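Hi,

Here is the structure I promised to pass on. Have a look at it first, and then read my notes underneath.

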Amino acid sequence: MHDPVYFDHAATTPVRPEVLEAMAPFYGPRFGNPSSTHRWGREARVSLDEARERVAACIGAESDEICFTSGGTEADNLAVLGGWRARKGKGRSTIATTPIEHKAVLSSVHKAAAEGATERMLDVDSSGTVVLDSAIAALGADVALASVMWVNNEIGSVQPVPAIATCCKASGILFHTDAVQAFGKHEVNARSVPFDLASISGHKIGAPKGIGALFIRRKTVLEPLFFGGSQDRGRRPGTENVAYAVGFATACELAVRERTSAVAKYAAFRDRLEAGIRSQVPDLIVNGAEAIRAPHVLNVTVPGVDGESMLMALDLHGIACSGGSACQSGSASGSHVLAAINHGAVAGASVRLSIGALTTDEAVDRAIEVFCKLARKARGLAFA
Amino acid sequence: MAGKPRVLVAMSGGVDSSVAAAMLVREGYDCVGATMKLFEDGAELPDRPCCSLDSTSDARRVAEQLGIPHYVLNMVDHFGRDVISDFVSEYAAGRTPVPCVRCNTFTKFNDLVAKADAIDAEFVATGHYARAAEGRLLRGVDHSKDQTYFLWGIASGVLKRLLLPVGSQTKDETRAIARELGLPRVADKAESQEICFVPDGDYMTVLRREMAADAPALVPGPFVLPDGTTVGEHEGFARYTIGQRRGLPGGFDEPMFVVAIEPATRAVVVGPRRDLHGSGLVAHSPNWLGDPPRVGARVGVRVRHRAPISSATVLGINESEVEIAFDTPVMAIAPGQSAVFYDGDVVLGGGFIRESRRAASAPALAGARPAAIPRTAPAAAGTRTHDTRTRC
């Protein structure tokens, strides 16, 4: 029996040993509340401030531009809803976004629409990439806020965020990017790209689940989601999770330091995986194949095969991957991303294999072998 | 290691299917658990014996405790199309559907078997109180819990691969095993008798959601006597089922019941108990789990979940219909419900009731011979007539 292999790094990653080590003191003697004035409090405050500076340095930001959140979802909510609520009733009433955003953005936009905003979906082509010309045309003087993800979480397509950010800046549109899947694989730098808001998440890069950050460019006004104390300048009240902030800062630094080598390594694994499966499943559809893709995501459709069965069988054979984005009940359901790029027309098993720290050459070999065996078997059943 | 074959176990999170899985694990089967998500969880359905997020979590925890993999199967589309839509259109047509039959016949078992094939599982298993043996389906040993009324529609091919571990024991024994195996979360769960997708036991909520506000089944219509006399107005015939007493006009000398529903005129026909007696019935779309019975065969027939099994004779049978005559008239035969045919404990098959026969009427099927319906007194009063409550 082979050991199970993990191909779901886009869902989450294991906590890195360096991160665990960095957090350890805060579960021991350094337990203080950073808002306290005594020595315990001061100690905690210093660590928190350092963590904020370290995260800021990783994305070309100033430390006061980093707002720690509970993760990517909260960062996206704060950006979209907080941005909308602060601008509501001041002339511009449209929120522009794409149909392939993470649900954290889409649902926030829908919520804003329920509060009076007009939704505008930017066109996405069949590769899963925003069509830049039409996006620029759609980003007119009525748009208050635009939100475009940097790397799509299901298929890995890279969006033209620098161009859209520049366009938004010129048009006075508040621009947010969900950079959760981009950070660590793609350069995310607030000095070179004029985004106003950017979400990043800890557990995609080896920090624990439950920590993330929203970059908030200076002078950007947001209405907070929470109300309470004055922590984080009132943008995010609540006693800060110092341990997680420190762990997150450590993970961010490692991700930036290792980015170039990780990208090369992951892309090589991804290409071998893709070629290996395609060689035995010639009609395989690689979703987002024509897009510029982040190196860690491979999303494929095996036409004519039931996706739910394929995922069960892969797991029973020790290959952990996913059928899109994991939902609350853990069940596979139709992907809104594939639907948006018109793959609804191809009925078949769509599987996302995502690469990261646990990926090895042996794991790639094993995934190719099992995937192809199961695809052939499922074909036999489907056409029987 | 040559172990026992793989089994895909449908796990609802309730005690029966949890114990079924545990018993199979104990017997050495290579078990894989699956919970079927049949509809989107809404705020109006806080907890249910199956399908809610809580129940899915219970199933997952039991599977983890048993050391077996667990998956959630998304059957929302199929269930909506095959079961909920049918439920609504049956009420619109003045009939009384049994959604569990539709689910088992068209959705649950088909999907389970397809998934079983995909993961090389030789068998599928559920927590039903019924027995499968030698390709036949039998009533559960605990007759008070018998669920075969809901299972007549499954394909005979499925039956050969079906394991029903709890069907050979009583509910008390099942609960005892749950406690013995350390499954306290599920051992003492309250048992629900309600339709899984109906909030608070009020199916009108579903009909109001799914039907237009001015749908004939939801707008006022007349109460009429069998002779056509109007005796009142009701607020939509979908609220009524054959045999119902609740919500009828008063002022009669004897208890009155719904005896017929006529969608064309939106009339709910009310009459005394004797008008509820059916001497026989015609069922359509039959499914036979073995050889179909011949004309003249003596069978037991159940017309409602937990109704007694009544002796009857097959009057006529073809591919699409079967007609039977009861030895003794049966109360409140409701079109849309199932007629399930038994030979002792063995389930022969079943069909959907198209119509009931009054004592005087002629047989419907060509080639069928008139039945000799004894004019004896009907079954004793007290029969539960309006029982759409169910457990799938």
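One bit of bookkeeping before the helices: the expected span of a helix is 1.5 Å times one less than its number of residues. Also keep in mind that this is a predicted model, so everything below is computed from it.

**Helix H3 in chain B**

With that rule in hand, take helix H3 of chain B, residues 76-92. It has 17 residues, and from its first C-alpha to its last it reaches 22 Å, close to the expected 24 Å. H3(B) does have a bend of about 30°, located at Asp86(B).

Which residues of H3(B) are buried? They are Phe79(B), Val83(B), Ile84(B), Phe87(B), Val88(B), Glu90(B) and Tyr91(B). As a reminder, an α-helix has 3.6 residues a turn, so residues three or four places apart point the same way. You can follow that spacing in the list by going from Phe79(B) to Val83(B), then Phe87(B), then Tyr91(B). What the buried residues pack against is a pair of helices in chain B, H4 (99-118) and H8 (203-210). After H3(B) comes Gly94(B), with a positive phi near 80°.

**Helix H3 in chain A**

Chain A has its own helix H3, covering residues 72-87. Its 16 residues should span 22 Å at 1.5 Å a residue, and the end C-alpha atoms are indeed 22 Å apart, so the two values agree. H3(A) is largely enclosed by the rest of the structure, because 14 of its 16 residues are buried. Just past the end of H3(A) sits Gly89(A), whose phi is positive at about 75°.

**Chain B as a whole, and one helix pair**

Chain B contains eight helices and 17 strands. It has 392 residues, of which 52% count as buried. If you take the contacts in chain B between residues at least 6 apart in sequence, 67% of them join residues at least 24 apart.

One helix pair to pull up on screen is H1(B) (residues 15-26) with H6(B) (residues 171-180). Their axes are 9 Å apart and the packing angle is about 65°. The crossing is left-handed. On the H1(B) side, the contact is made by Val15(B), Asp16(B), Ser18(B), Val19(B), Ala22(B) and Met23(B); H6(B) contributes Thr174(B), Arg175(B), Ile177(B) and Ala178(B). Sorted by class, that contact between H1(B) and H6(B) has six nonpolar, two polar and two charged residues.

**Two residues on strand S13 of chain B**

Arg302(B) lies in strand S13 of chain B, which runs over residues 298-302. Is Arg302(B) buried or exposed? The cut-off for buried is 20 or more other C-beta atoms within 10 Å. Arg302(B) has 24 C-beta neighbours inside 10 Å, so it counts as buried. Setting aside neighbours within four places in sequence, Arg302(B) is in contact with Tyr149(B), Ala307(B), Ile309(B), Val340(B) and Tyr342(B).

Gly300(B) is found in S13 of chain B too. Gly300(B) is partly exposed, because it has 19 other C-beta atoms within 10 Å. With the same sequence neighbours left out, its contacts are Ile309(B), Ser310(B), Ser311(B) and Tyr342(B). Ile309(B) and Tyr342(B) therefore appear in the contact lists of both Arg302(B) and Gly300(B).

**A loop residue in chain A**

Ala182(A) is in the loop between strands S6 (174-178) and S7 (197-201) of chain A. It is buried, with 24 other C-beta atoms within 10 Å. Apart from neighbours within four places in sequence, Ala182(A) contacts Trp150(A), Val151(A), Val188(A) and Ala294(A). Gly156(A) is 26 residues away from Ala182(A) along the chain, and their C-alpha atoms are separated by 8.9 Å.

**Two backbone oddities**

Most residues other than glycine have a negative phi. Lys219(A) is not a glycine, yet its phi is positive, about 75°. Lys219(A) lies in the loop between strand S8 (212-216) and helix H7 (242-280) of chain A, and with 6 C-beta neighbours inside 10 Å it counts as exposed.

Ser285(B) is not a glycine either, and has a positive phi of about 50°. This residue is found in strand S12 (residues 277-288) of chain B. Ser285(B) is partly exposed, with 14 other C-beta atoms within 10 Å.

Cheers

How values were computed
Residues numbered from 1 in each chain as written. Chains lettered and ligands numbered in written order. Predicted model: local features only at pLDDT ≥ 70, side-chain atom pairs only at ≥ 80, totals over all residues. Axes fitted to C-alpha atoms, helices over the stretch in contact; angles between N-to-C directions. Helix = DSSP H or I, 4+ residues; strand = E, 2+ residues; numbered from the N terminus. Left-handed = near helix turned anticlockwise from the far one by under 90°. Contact = placed C-beta atoms within 7 Å. Nonpolar A, V, L, I, M, F, W, Y, C, P; charged D, E, K, R; others polar. Bend = angle between axes of the 7 residues up to and from the residue. Buried ≥ 20, exposed ≤ 12 C-beta atoms within 10 Å, placed from the backbone.
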